[in-house]
Amino acid sequence: MDTKAASGESPKSILVVFDWYDHRIYRGIAQYCAEHHWHLSPYLFSERTVPTKWQGDGAITCFGGALADFILSLDMPKIDITHNPLPTPIPRVTVDNDQIGRRAAKHFLERGYRNFAYYSWENVTANQVQKEAFIETLEDAGVSEAGIHIIHQSSIQEMGDWEAHRESILGHIKDLPRPLAVFTGQDSLGVTLVDVCTKAGISVPDEIAVLGVDNIDFLCECAVVPLSSIDTNLTELGYAAAAQLGRLMDGGIDNHEPPVTVAIKSIVNRRSTEALVVTHPAVAKALDLMRREFKNGLELGDVYEYSGVTKRGLEKAFKRHLNDSPAAVLRRIRLDFAKNCLSQTDTKIESIAADCGYSNSSNLSHAFSREIGMSPQEYRNVYRSPLFKSKR
């Protein structure tokens, strides 16, 4: 029980100062407010104004744009959730944009791509952090400079004219090598790219695979080719930002506190990145079988037989083309499916193990501990939202 609430002390009044809305981050903030008996102010939710002389205890802000001056004028403890440059120290809680870029690169590398591109807003600081991590991870994996490309955003004038915008994007991608893996800094850019490609007769994902960021489900699932996206754990971000504001208001930290980063949840795989780029026919056959039958108790012996080459021959080909063994690739396919189930559903772990093709939950747990360093239940505890955790 909250001792301040029990003592009759007035609840802290909190202001949320964002120039955008995502229900997940508000849910995380609201959950923390409810747990600690804070009052969540209604100001700025519908109108861009706050009454004069309103006295609040703290604010969670999204610095930048039209709200920048207002945020700086707030004489109260503040926590910011952006990467944007700040003229004065404000403690921050942000998504881990470095991890986002690295995970995107690994996602495409695991699928055998050799040509990559990054498409983002060049003036968005978070996008540039993602871009640097994406490119660095590709370079560390041996991808040459010739295999890494930048797709530039259209000018403001072109973006106001759909045909000009479309032609600008096509102008950047028409001569790039294919198959091409494109990482976009936001889901909106990913959906736009999918739309432009499909209208131009460019196959997604066979010619160009597209991966977005934030997993805005209504955008991703309603795209003409459903968009794969990185779930950036926004509910956890909101919850963590509120918790950090509590520490700031209580004097546990000051305005010079180092930034806190929130780990991503997972990649939610949809049609836009389903392709696996492999030129070796036996490896391609083996991968096709793995992805179709991994739920049905598929064994490696079945894979070797289906590929049409010897066990040793297939293992050498996998190492050369995917830099991994058939066993590791099959395990990763199963674990990727399991991670999505654990973070996105309430399905029991025993059922998830069966759906992944494991004979029992112990085998799934062993694979999780070896590959991820935690049990399936620990993974679910970490990557489910605080709201979900509170109901368990």
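**Exercises around strand S6 and helix H5**

In this predicted model, strands S6 and S8 run parallel and are joined by four bridges.

**Exercise 1.** Find the residue in S8 that is the bridge partner of phenylalanine 116, then find the partner of alanine 117 in S7.

*Solution.* Start with S8: phenylalanine 116 pairs with alanine 181 there. Now turn to S7, which also runs parallel to S6, with four bridges joining the two. Here alanine 117 has histidine 149 as its bridge partner.

**Exercise 2.** Work out which residues of S6 sit on each side, and whether they are buried or exposed.

*Solution.* Begin with a rule: in a regular strand, side chains alternate between the two faces of the sheet. Now look at S6: Phe116 and Tyr118 are on one side, Ala117 and Tyr119 on the other. All four are buried, so both faces of the strand are covered.

**Exercise 3.** Check the span of helix H5, residues 125-140, against what you'd expect at 1.5 Å a residue.

*Solution.* The helix has 16 residues, and the expected span is 22 Å. Next, take the C-alpha atoms at the two ends: they lie 23 Å apart, which agrees. Just after H5, you'll meet glycine 142, with a positive phi of about 95°.

**Exercise 4.** Say what the buried residues of H5 pack against, and what unit H5 makes with S6 and S7.

*Solution.* First pick out the buried residues, among them Ala126, Phe134, Ile135 and Leu138. Then list what the buried residues of H5 pack against: helix H4 and strands S6, S7, S8 and S9. Finally, follow the chain: S6, H5 and S7 make a right-handed β-α-β unit.

Note on methods
Residues numbered from 1 in each chain as written. Predicted model: local features only at pLDDT ≥ 70, side-chain atom pairs only at ≥ 80, totals over all residues. Heavy atoms only, no water. Expected span 1.5 Å × (residues − 1). Buried < 20%, exposed > 50% of the residue type's maximum accessible area, 1.4 Å probe, protein only. Contact = heavy atoms within 4.5 Å. Pairing = 2+ DSSP bridges. Right-handed = clockwise from strand over helix to strand, strands pointing away.
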